[in-house]
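Let's take a friendly walk through this model, beginning with one pair of strands and widening the view from there.

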Amino acid sequence: MRCEIRHTTEYRYPKPAWDSFNEVRLHPVQEVRQTLRSFHLSVTPEAEITSHKDYFGALVHHVHVHEPHTELRIEAQAIVDTHAVTLPLPAPMRVLEGTRAKNIEFLVPSPRVPAGDWPEIFGVRRPAPDDDLPGFLSDLNTGLHRRFTYDTKATAVSTPLAEFARHGRGVCQDFTHAMLGILRQLGIPARYVSGYLYSGGEMLGAEATHAWVEALIPGYGWLGYDPTNNCLANEKHIKIAHGREYSDVSPVRGTYYGGGQGKLEVAVHVYGEQ
């Protein structure tokens, strides 16, 4: 499937701001499941733009606006071809033994996914060593989708996972952090994925950048699960980056001098064709 993405971030300040420095993660990755055809980043007013790859391999752009300004517009455009995923073969949970040391960063607690008895908190049965790993992941994905309610007004970026667990209402970021907490407590390496979703009006979370989980299945690789929509990360999912949690992959963040309390507007449009 070919997808065309346009992501616009606009800041407006009541007073002139200067020396605005922004870290931008909007460049889709190139991997087996997707092919990046083109990418263009435009910034108004004129800015100094450099880039580097972060610890997890994502391409990060640094946008530095030196001159005073009351508006800042960052627009990313990309064309990506996505490809169908193959399903993994059945494999017992014990295949994870020997893989954990190499993936410890996706097992240890992090600020937004702290240590806790998340399987018990979310009512998830701990699997036995002979249970099927892909089957467990699929069932967990479905179970969390049914347990939680998608509500864009219920949480904010800073809402703790424990608070989300109490009321079970939130957005894709919350669904994803919950699944990560459960998997890591069960010794299943799992990482947070940021990207886009082509929904055609059929799926939740397409109004902004989307989030889902990638879990490690030894002998197969990393497979994406989207608990918000109860599906695998398929041809309608366009990946930007992965990390331990949201903080590692936030799309745009930065600092500036002056300006006062700025206002932020974000618009995401994803167009798809077979």
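## Strand 5 and its two partners

Strand 1, covering residues 2-24, runs antiparallel to strand 5, residues 69-82, and the two are joined by 12 bridges. If you would like a place to start looking, find E10: its bridge partner in strand 5 is R73. Please keep in mind as you look that this is a predicted model.

Strand 5 also pairs with strand 2 (residues 34-44), again in the antiparallel sense, this time over 10 bridges. Here Q34 is a handy marker, with T82 as its bridge partner in strand 5.

## A closer look at V43

Strand 2 is also home to V43. Is V43 buried or exposed? Its relative accessibility is 16%, and because the cut-off for buried is under 20%, V43 counts as buried.

Which residues does V43 touch, leaving aside those up to four places away in sequence? They are I49, V63, V65, L72, R73 and I74. R73 is thus a contact of V43 as well as the bridge partner of E10. As for A76, it sits 33 residues from V43 along the chain, with 8.9 Å between the two C-alpha atoms.

## The five-stranded sheet

Further along the chain there is an open sheet of five strands, with antiparallel pairing and the order 11-10-9-8-12. Its edges are strand 11 (231-232) and strand 12 (237-243), each of which pairs on one side only.

Let's step across from the strand 12 edge. Strand 12 pairs with strand 8 (residues 190-197) in the antiparallel sense through six bridges, and L197 has H237 in strand 12 as its bridge partner. Strand 8 in turn pairs with strand 9, also antiparallel and also over six bridges, where Y192 stands opposite V213. Next comes strand 10 (residues 221-226), which makes five bridges with strand 9 in the antiparallel sense; in this pair, A215 faces L223.

## Strand 9 and its hairpin

Strand 9 (residues 210-217) deserves a pause: eight of its eight residues are buried, so the strand is largely enclosed by the rest of the structure. In a regular strand, side chains alternate between the two faces of the sheet. In strand 9, H210, W212, E214 and L216 point one way, while A211, V213, A215 and I217 point the other way, and all are buried.

How many residues lie between strand 9 and strand 10 in their hairpin? There are three, and G219 in the turn has a positive phi of about 90°.

## The chain as a whole

Stepping back, the chain contains four helices and 14 strands. Its radius of gyration is 19 Å, close to the 19 Å that the globule rule gives for 274 residues, so the chain is as compact as a globular protein of that length. Along the principal axes, its C-alpha atoms fill a box of roughly 60 × 40 × 35 Å.

Of the 274 residues, 51% are buried. Sequence-distant partners feature strongly in the contact list: among contacts between residues at least 6 apart in sequence, 76% join residues at least 24 apart.

## Surface and charge

The chain exposes about 12900 Å², and 51% of this comes from carbon and sulfur atoms. Its charged side chains number 27 positive and 32 negative, and the centres of these two sets lie 3 Å apart.

How values were computed: Residues are numbered from 1 along each chain as its sequence is written. This is a predicted model: local features need pLDDT of at least 70, side-chain atom pairs count only at pLDDT 80 or more; totals for chains, interfaces and linings use all residues. Side-chain values use heavy atoms; hydrogens and water are left out. The radius of gyration is taken over C-alpha atoms; the globule rule is 2.2 Å times the number of residues to the power 0.38. Buried means under 20% relative accessible area, exposed over 50%, partly exposed in between (1.4 Å probe, protein chains only). Contact means heavy atoms within 4.5 Å. Accessible areas come from the Shrake-Rupley method with a 1.4 Å probe; for residues, only the protein chains shown count as cover. Lys and Arg count as positive and Asp and Glu as negative; His and the chain ends are not counted. The place of a charge is taken as NZ of Lys, CZ of Arg, CG of Asp or CD of Glu. Two strands pair if DSSP finds at least two bridges between them.
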